[in-house]
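Student: I should like a close look at a single part of this protein. Please describe one element in detail and then place that element in its surroundings.

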Amino acid sequence: MRSPSHVILAIIFFIYCSTLSYISLAQSSPQDFLDVHNQARAEVGVAPLSWNHTLEAYAQNYANERISDCDLEHSMGPFGENLAEGYGEMKGSDAVKFWLTEKPYYDYHSNSCVHDECLHYTQIVWSGSVHLGCARSKCNNGWMFVICSYSPPGNVEGERPY
């Protein structure tokens, strides 16, 4: 028979593990993705995105397809798309913040990227995009694959994001 202290320790361990699992999931909740996106959009006067479960399912399906190789290859689907990968438990908000580092490379006056990539940034702030769905998957190599899908897609050649 187990002593009461063993039972109590088992319960504490279970609660601890459950809390860790919840924290991990909470760090990539729809709201975490939306908050970072919508803060960037507000900075340039663009309306907020809303979460879309169809886009989320599409993103999760594609993220699952990348588990074996974690390659940053676009899905070639009907939506706008940003991809990222990172080692460990890269949070969704970390991926969005990474894409936002491209902001200095977008020149509004010439509507072009200067010196580097900026198309992840312009997709985030694309005023015509109104829906967002994102997902993550843990790849076999230990890296985290992150995808956000946007509808309608942005980065239409010749048009300004905002």
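Tutor: The part chosen here is helix 3, which spans residues 53-65. The model is predicted, and what follows describes that model. Helix 3 has 13 residues and reaches 18 Å from its first C-alpha to its last, close to the 18 Å expected at 1.5 Å a residue.

The buried residues of helix 3 are Leu55, Ala59, Tyr62 and Ala63. These residues lie on the same side of helix 3, because they cover an arc of only 105° around the axis. On the face turned away from that buried side, helix 3 carries the exposed residues His53 and Thr54. The N-terminal end of helix 3 is capped by asparagine 52, with a side-chain oxygen 2.9 Å from the backbone nitrogen of threonine 54. Threonine 54 is thus named twice: as an exposed residue of the helix and as the partner of the cap.

The next matter is what the buried side meets. The buried residues of helix 3 pack against strand 5 (131-138) and strand 6 (143-151). Helix 3 as a whole lies across strand 1, strand 2, strand 5 and strand 6, and runs at about 25° to strand 5.

Those four strands form an open sheet, in which the order is 1-5-6-2 and the pairing is mixed. At its edges are strand 1 (50-51) and strand 2 (80-87), each of which pairs on one side only. Strand 5 and strand 6 run antiparallel and are joined by eight bridges. Within this part of the sheet, cysteine 134 stands opposite cysteine 148 in strand 6.

The wider setting can now be added. The protein contains five helices and six strands, and along the sequence they follow the pattern α-α-β-α-β-α-β-β-α-β-β. Of its 162 residues, 38% count as buried. Among contacts between residues at least 6 apart in sequence, 69% join residues at least 24 apart.

One residue outside the helix illustrates such contacts. Valine 125 lies in the loop between helix 5 (119-124) and strand 5, and valine 125 is buried, with a relative accessible area of 0%. Leaving aside neighbours within four places in sequence, valine 125 is in contact with Ala40, Arg41, Val44, Val46, Pro161 and Tyr162. The C-alpha atoms of valine 125 and glutamate 43 are separated by 9.2 Å, although these residues are 82 residues apart along the chain.

Definitions and conventions: Residues are numbered from 1 along each chain as its sequence is written. This is a predicted model: local features need pLDDT of at least 70, side-chain atom pairs count only at pLDDT 80 or more; totals for chains, interfaces and linings use all residues. Side-chain values use heavy atoms; hydrogens and water are left out. Helices (H or I, at least four residues) and strands (E, at least two) are DSSP runs, numbered from the N terminus. The expected span of a helix is 1.5 Å times one less than its number of residues. Buried means under 20% relative accessible area, exposed over 50%, partly exposed in between (1.4 Å probe, protein chains only). The arc is that of the directions from the helix axis to the C-beta atoms. Contact means heavy atoms within 4.5 Å. A polar contact is a pair of N or O atoms within 3.5 Å; within protein, one must be able to donate a hydrogen and the other to accept it, and residues adjacent in sequence count only if both atoms are side-chain atoms. Two strands pair if DSSP finds at least two bridges between them. Axes are lines fitted to C-alpha atoms, for helices over the stretch in contact, and angles run from 0 to 180 degrees between N-to-C directions.
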